[in-house]
Amino acid sequence: MAFVATRDPGRAKAFYKDTLGLRFVSQDPFAVVFDANGIMLRVAILQKIVVAPYTVLGWEVPDIAATAKDLAKAGVHFERFGMPQDEFGIWTSPSGARVAWFKDPDGNLLSITQL
């Protein structure tokens, strides 16, 4: 199970369901719940959130360039951190893993990674 927070459940639901393509499971006064490929993602509904200065959720993908391209077409903006990143914001780590970061509507930092 994974958790992330939102102040606006409608906006979060649209982002995680429509933009990221996660399967919507349910919503109650406390959380919007998704199936993230077999892992429950609870987007907790809070009045005030504190955005972490680090990645809070990430997904391993088989083809990061194709995934980044699809996300960009869906309106996702990739973050830049002052290190060498390609046109989609993909950084290649010393180990060879490739990573790109983006934010959800509440400013939570998310990532996609190809190992």
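A residue is called buried when its relative accessible area is under 20%, exposed when it is over 50%, and partly exposed in between, with a 1.4 Å probe and protein chains only. By this definition D35, with a relative accessible area of 24%, is partly exposed.

The model is predicted, so local features need pLDDT of at least 70 and side-chain atom pairs count only at pLDDT 80 or more, while totals for chains, interfaces and linings use all residues. Residues are numbered from 1 along each chain as its sequence is written, and side-chain values use heavy atoms, with hydrogens and water left out.

**Exercise 1. State which residues join D106 in a network of salt bridges, and locate each partner.**

Step 1. A salt bridge is a side-chain nitrogen of Lys or Arg within 4 Å of a carboxyl oxygen of Asp or Glu. The structure holds four salt bridges.

Step 2. One of them pairs R7 with D106, where the closest N and O atoms are 3.9 Å apart. R7 lies in the loop between β1 and α1 (9-19), and D106 lies in the loop between β7 (98-103) and β8 (109-114); the pair links distant parts of the chain, 99 residues apart. Helices (H or I, at least four residues) and strands (E, at least two) are DSSP runs, numbered from the N terminus.

Step 3. The side chains of R11 and D106 also meet in a salt bridge, at 3.6 Å from N to O. R11 belongs to helix α1, and 95 residues separate R11 from D106 along the chain.

Step 4. Salt bridges that share partners therefore join R7, R11 and D106 into one network.

Step 5. Accessibility is then assigned. D106 counts as buried because its relative accessibility is 5%. R7, at 42%, counts as partly exposed, and R11, at 37%, counts as partly exposed.

**Exercise 2. Determine which strands are linked by the salt bridge between R23 and D35.**

Step 1. The side chains of R23 and D35 meet at 3.3 Å, N to O, in a salt bridge.

Step 2. R23 is placed in strand β2 (residues 23-27) and D35 in strand β3 (residues 31-36), 12 residues apart. The bridge thus links strands β2 and β3.

**Exercise 3. Describe the largest pocket by its volume, its lining and the elements that contribute to the lining.**

Step 1. The terms are fixed on a 1 Å grid over the protein atoms alone: a pocket is an open set of points where a 1.4 Å probe fits, with protein on both sides within 12 Å along at least five of seven lines, and lining residues have an atom within 4 Å of a point. Grid points are joined across faces, edges and corners, and a volume is the space filled by probe spheres set on the points.

Step 2. The largest pocket holds about 240 Å³ of space.

Step 3. Its lining is made by 15 residues, and those nearest the centre are L20, L22, W59, V61 and T67.

Step 4. The elements giving two or more residues to this lining are β5 (55-60) and α2 (64-73). Helix α2 supplies the largest share, three residues.

Step 5. By residue type, the lining divides into nine nonpolar, four polar and two charged residues. Here Ala, Val, Leu, Ile, Met, Phe, Trp, Tyr, Cys and Pro count as nonpolar, Asp, Glu, Lys and Arg as charged, and the others, Gly among them, as polar.

**Exercise 4. Identify the residues of the nonpolar surface patch and give the position and exposure of F3.**

Step 1. A patch is made of residues with over 30% relative accessible area and no salt bridge; like charges are joined within 9 Å, and nonpolar side chains (Val, Leu, Ile, Met, Phe, Trp, Tyr) within 5 Å.

Step 2. M1, F3 and M40 form such a nonpolar patch on the surface, and together they have about 350 Å² of accessible area. Accessible areas come from the Shrake-Rupley method with a 1.4 Å probe; for residues, only the protein chains shown count as cover.

Step 3. F3 sits in strand β1 (residues 2-6). F3 is exposed because its relative accessible area is 52%.

**Exercise 5. Is N37 buried or exposed, and what is the sign of its phi angle?**

Step 1. N37 is found in the loop between β3 and β4 (39-45).

Step 2. N37 counts as exposed because its relative accessibility is 73%.

Step 3. The phi of N37 is near 55°, which is a positive value in a residue other than glycine.
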